[in-house]
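Me: I've got a structure open and I'd like to talk it through. Can you help me read it?
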Amino acid sequence: MAETTQPAGLLFDIGGVCVLSPFQAILDYEIANKIPPGWVNFSISRSAPSGSWHRLERGEIKLDAAFFKEFNKDLSNPDLWQKFHETLRKKQSTTGAPSSSSSSSSPLPPLPQLDAEFLFWEMMRISRAPDPYMAPALKKLKASGKFILGALSNTVVFPDGHPYNKDESGVKGVFDFFISSAHTGLRKPDPKIYEFAIREMNRLAREKGLREVGASDIVFFDDIGENLKGAKKAGMRTVKVNLGRTQDAVKELEKITGLSLLEGSDRARL
C-alpha cells in the first residue's frame, strides 16, 4: 500500500481476518479426505453468482436441508472438476512441477464425494474463535478513538435460536458499523456493497462531527484477492491478509495508524 496518509476509516472482513479462517477448515478437510487442496474453494468460486453458497450469503435462501443438498451438488460438479484439473495442469506446466494425478496424459481422477453439511459446520465452528493477533489489536484501535471502524463481511443467517447467533467472540461489538451480505442482499465483490460501506463511513463521520470520508480515506483488510480488487476499484486502499499470517497484517496496521498494537516479542519493528 503505497499511500502513507493516515486513514479516517478502517474496514475489516471478519473470517480469516478478525476471527480464525474458515479456509483452514477447508484445507484440513481436503487433506484428511485426500482431496486435492484448492478444490472446494475452486468449486465455490466458479459456481458464482448462482451457486448455493453465493445465494446463501446474499440471504436469498435459508440455511436448511435444501441448502446442504444444493451445496453438495455444487461440490460434486463434474464439469468444474475437469476445469479444476485443467487449471492444475496449466499451473504445473508453467512451474515445471510434475504431478502424476494431473499430467496431461493421465486420466481424470474420480470426483470426490464430500459431506457438505459436515464441512460447512466445521467452517463455522473454526471461525467462531477470535484471531489471537487481530482481535486484541481491534480493541486497542477502538480505545484510541482515532478511527471509524467498520466490518464488511460475506455472511450467512443462522436459524432462529441457533447458538451461533450469539457473538461469543465479542468481535462484532468493536465495530462502529457492521455490513452483513446476508442482511443487505449484496455480496463482495459486488461494487454496490463497497459504495454502501463508504456511505456508512460518512454517516458515522457526520455523527462524530468529522470531515467527509472519501474512498481513499479507507483501508480495507480482507483475505480474498477478488474482494480486495473490488475495494481497490472503489478507490479504497487495501491490505491482503494471508492465511495464518494475521500477525503481519497487524504489523501493517501499526504502520498505517502509528499505534502500538502488538505486544512483547510480537511487536512490529517500524
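Reply: Sure, we'll go through the domains, their interface and some single residues. Keep in mind that this is a predicted model.

Me: OK. Which residues belong to domain 1 and which to domain 2?
Reply: Domain 1 covers 9–20 + 130–257. Domain 2 covers 22–94 + 114–124. This comes from the domain assignment of the protein chain.

Me: How many Å separate their centres?
Reply: The centres of domain 1 and domain 2 are 24 Å apart, taken over C-alpha atoms.

Me: And how many residues are in contact between the two domains?
Reply: On the domain 1 side, 18 residues. They are in contact with 13 residues of domain 2.

Me: How much area is buried between them?
Reply: About 1,300 Å². Carbon and sulfur atoms give 67% of that.

Me: Which residues of domain 1 lose the most area to domain 2?
Reply: Val156, Arg187 and Leu243. Together they make up 40% of what the domain 1 side buries.

Me: Any charge pairing there? How many salt bridges are counted between domain 1 and domain 2?
Reply: One. There are also three residue pairs in polar contact across that interface. By class, the domain 1 side that touches domain 2 has nine nonpolar, seven polar and two charged residues.

Me: Let's do salt bridges properly. Why would two side chains pair like that?
Reply: Side chains of opposite charge can pair when their charged atoms come close.

Me: How many salt bridges does the whole structure hold?
Reply: It holds 13. Take Glu57 and Arg187 as one case. Glu57 lies in helix α3, and Arg187 is in the loop between α8 (181–184) and α9 (191–207), so this pair ties together parts that are 130 residues apart in sequence.

Me: What's the N to O distance for Glu57 and Arg187?
Reply: It is 2.6 Å.

Me: Are those two buried or exposed?
Reply: Glu57 and Arg187 are both buried.

Me: Show me another one. Which residue does Arg125 meet in a salt bridge?
Reply: Glu122, at 2.9 Å from N to O. The two are three residues apart in helix α6 (residues 116–126), so about one helical turn separates them.

Me: Buried or exposed, or in between, for Arg125 and Glu122?
Reply: In between. Arg125 is partly exposed, with a relative accessible area of 43%. Glu122 is partly exposed too, at 23%.

Me: And what does Asp217 form a salt bridge with?
Reply: With Arg211. Their closest N and O atoms are 3.2 Å apart. Asp217 counts as buried, because its relative accessibility is 13% and the cut-off is under 20%.

Me: Which residues do shared salt bridge partners join into one network?
Reply: Asp13, Lys188 and Asp222.

Me: New topic: Asn154. Where is it?
Reply: Asn154 sits in the loop between β2 (148–153) and β3 (177–180). Its relative accessible area is 17%, so Asn154 is buried.

Me: What is Asn154 in contact with?
Reply: Leaving aside neighbours within four places in sequence, the contacts are Glu57, Ser181, Arg187, Lys188 and Asn227. Glu57 and Arg187 are the salt bridge pair from before. With Lys188 there is an extra detail. Its backbone nitrogen lies 2.9 Å from a polar atom of the Asn154 side chain.

Me: Now Arg58. Where does that lie?
Reply: Arg58 is in the loop between α3 (52–57) and α4 (65–74). Arg58 counts as buried, at 18% relative accessibility.

Me: What does Arg58 touch?
Reply: Pro49, Ser181, Ala182, Gly185 and Arg187, not counting residues up to four places away in sequence. The side chain of Arg58 also makes a polar contact of 2.7 Å with the side chain of Glu60.

Me: Last one, Ala234. Where is it found?
Reply: In the loop between α10 (225–233) and β5 (237–240). Ala234 is partly exposed, at 30% relative accessibility.

Me: Which residues does Ala234 touch?
Reply: Tyr194, Ile198 and Ala215, again not counting residues up to four places away in sequence.

Me: And how far apart are Ala234 and Ile193?
Reply: In sequence, 41 residues. In space, 9.8 Å from C-alpha to C-alpha.

How values were computed. Residues numbered from 1 in each chain as written. Predicted model: local features only at pLDDT ≥ 70, side-chain atom pairs only at ≥ 80, totals over all residues. Heavy atoms only, no water. Domains from an automatic or database assignment. Contact = heavy atoms within 4.5 Å. Buried area = accessible area lost by both parts, 1.4 Å probe. Salt bridge = Lys/Arg side-chain N within 4 Å of Asp/Glu carboxyl O. Polar contact = N/O pair within 3.5 Å; in protein donor to acceptor, adjacent residues only side chain to side chain. Nonpolar A, V, L, I, M, F, W, Y, C, P; charged D, E, K, R; others polar. Helix = DSSP H or I, 4+ residues; strand = E, 2+ residues; numbered from the N terminus. Buried < 20%, exposed > 50% of the residue type's maximum accessible area, 1.4 Å probe, protein only.
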